[in-house]
Amino acid sequence: SPAALPFYALLSVGRMLAAYGLSLVFALAYARAAAASRRAERLMLPALDILQSVPILSFFPAAVLAATALFPGSLLGPELAAVLLIFTSQAWNLAFSFYGSLITLPRELQEAAAVFRLNFYLRFTRLELSFGLIPLILNSVMSWANGWFFLMAAEQFGMGARSFRLPGLGAYLRAAADAGDVGALGLGLLTLIAVVVLIDQLLWRPLLNWADRFRYEQAGG
């Protein structure tokens, strides 16, 4: 039913937001810990590189079964597995982005932070996060693009005779395709495109315009 599309779109966006929130917290903490210690960096960066190279869909069935076993007879298990799948498509990109910003902080800015005796919180918010904000937002757009693909896969997942479908745009598109309903399939795709465009126009572009004030450039004139 076309009437289900707005609610399904909200559910899909909600899963994306939950996964992105987890990814962002993980990325900031992981990158900060790796950049703070050379010893930690030697372990954490290769581990992050290995984790991002693991095919995400290969462990998703195991994650779904484990989460379903924890919450039998409930959609909470598949929901958690779906958020985990999207998280693994977003987190690594954000972590590498913020780490790259931390290790390229200009020396004069670091010296200014030392002169003003900024504590950990102020140094992180006023210097490190501000300096890395623009690349973090740009990589967030890329992470969301990855997340849409894996969201569609997570919402329409099935294994043998068992179905773990979640109410959302992915399940709607799968049901329309299974039924051979070209009209419903077209409406589902149009809704997905509309959601992506709206998020770009209402969230990412205003964020990028706002973050431009944090651009650090050394230019004459």
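Entry 1. A helix here is a DSSP run of H or I with at least four residues, and helices are numbered from the N terminus. I note that this is a predicted model. With that numbering I looked up E41 and R38, which both lie in helix α2, 3 residues apart, about one turn of the helix. An α-helix has 3.6 residues a turn, so residues three or four places apart point the same way. I found that E41 and R38 form a salt bridge, with their closest N and O atoms 3.9 Å apart. I then asked whether each partner is buried or exposed. E41 has a relative accessible area of 19%, and buried means under 20%, so E41 is buried. R38 is at 64% relative accessibility and counts as exposed.

Entry 2. How many salt bridges does a search of the whole structure find? I noted 9. One of them joins the side chains of E79 and R15, at 2.7 Å from N to O. That pair links distant parts of the chain, as E79 sits in helix α4 and R15 in helix α1, 64 residues apart. I looked up accessibility for both: R15 counts as buried at 4%, and E79 counts as partly exposed at 22%. Which residues are linked with R15 in a network of salt bridges? I wrote down E79 and E155.

Entry 3. I also looked up D212 and R215, whose side chains meet in a salt bridge at 2.8 Å, N to O. D212 is at 38% relative accessibility and counts as partly exposed. R215 is partly exposed too, with a relative accessible area of 45%.

Entry 4. Next I turned to the nonpolar interior. In soluble globular proteins, nonpolar side chains tend to be buried together. The largest nonpolar core in this model has 42 residues. I listed the residues with the most contacts inside this core: F98, W144, W148, M152 and I199. The elements that give two or more residues to the core are α1, α2, α4, α7 (133-155), α8 (169-179) and α9. Which element gives the most? It is α1, with 11 residues. I then followed I199 outward and, leaving out residues up to four places away in sequence, found that I199 touches V13, W144, W148 and W204.

Entry 5. I looked at α8 by itself. In this helix, L169, G170, A171, Y172, L173 and A176 are buried. What covers the buried residues of α8? The cover includes α1, α7 and α9. Just after α8, I noted that G180 takes a positive phi of about 70°.

Entry 6. A second positive phi is worth a line. R117 has a phi of about 55° although R117 is not a glycine. Where is R117 found? I placed R117 in the loop between α5 (107-115) and α6. R117 is exposed, with a relative accessible area of 75%.

Entry 7. I looked up L187, which is found in helix α9 (residues 182-211). Is L187 buried or partly exposed? At 36% relative accessibility, L187 counts as partly exposed. Setting aside neighbours within four places in sequence, I found L187 in contact with P2 and L5. I also compared L187 with L133: the two are 54 residues apart in sequence and 36 Å apart in space, C-alpha to C-alpha.

Entry 8. Last, the open space. Rolling a probe the size of a water molecule over the atoms shows where empty space is left. I found that the largest pocket has a volume of about 190 Å³. Its lining has 14 residues, and A35, A36, S37, L102 and I103 lie nearest the centre of the pocket. Which helices each supply at least two residues of the lining? They are α1 (5-36), α2 (38-53), α4 (76-102) and α6 (120-131). The largest share, 4 residues, comes from α1. I sorted the lining of this pocket by class and got 7 nonpolar, 2 polar and 5 charged residues.

Entry 9. On rereading, α1 keeps turning up in these notes. This helix gives the most residues to the largest nonpolar core, has the largest share of the pocket lining, and holds R15.

Conventions
Residues are numbered from 1 along each chain as its sequence is written. This is a predicted model: local features need pLDDT of at least 70, side-chain atom pairs count only at pLDDT 80 or more; totals for chains, interfaces and linings use all residues. Side-chain values use heavy atoms; hydrogens and water are left out. On a 1 Å grid over the protein atoms alone, a cavity is a set of points where a 1.4 Å probe fits but cannot get out, and a pocket is an open set with protein on both sides within 12 Å along at least five of seven lines; lining residues have an atom within 4 Å of a point. Grid points are joined across faces, edges and corners, and a volume is the space filled by probe spheres set on the points. Ala, Val, Leu, Ile, Met, Phe, Trp, Tyr, Cys and Pro count as nonpolar, Asp, Glu, Lys and Arg as charged, and the others, Gly among them, as polar. A salt bridge is a side-chain nitrogen of Lys or Arg within 4 Å of a carboxyl oxygen of Asp or Glu. Buried means under 20% relative accessible area, exposed over 50%, partly exposed in between (1.4 Å probe, protein chains only). Contact means heavy atoms within 4.5 Å. A nonpolar core is a set of buried Ala, Val, Leu, Ile, Met, Phe, Trp, Tyr and Cys residues joined through side-chain atoms within 4.5 Å.
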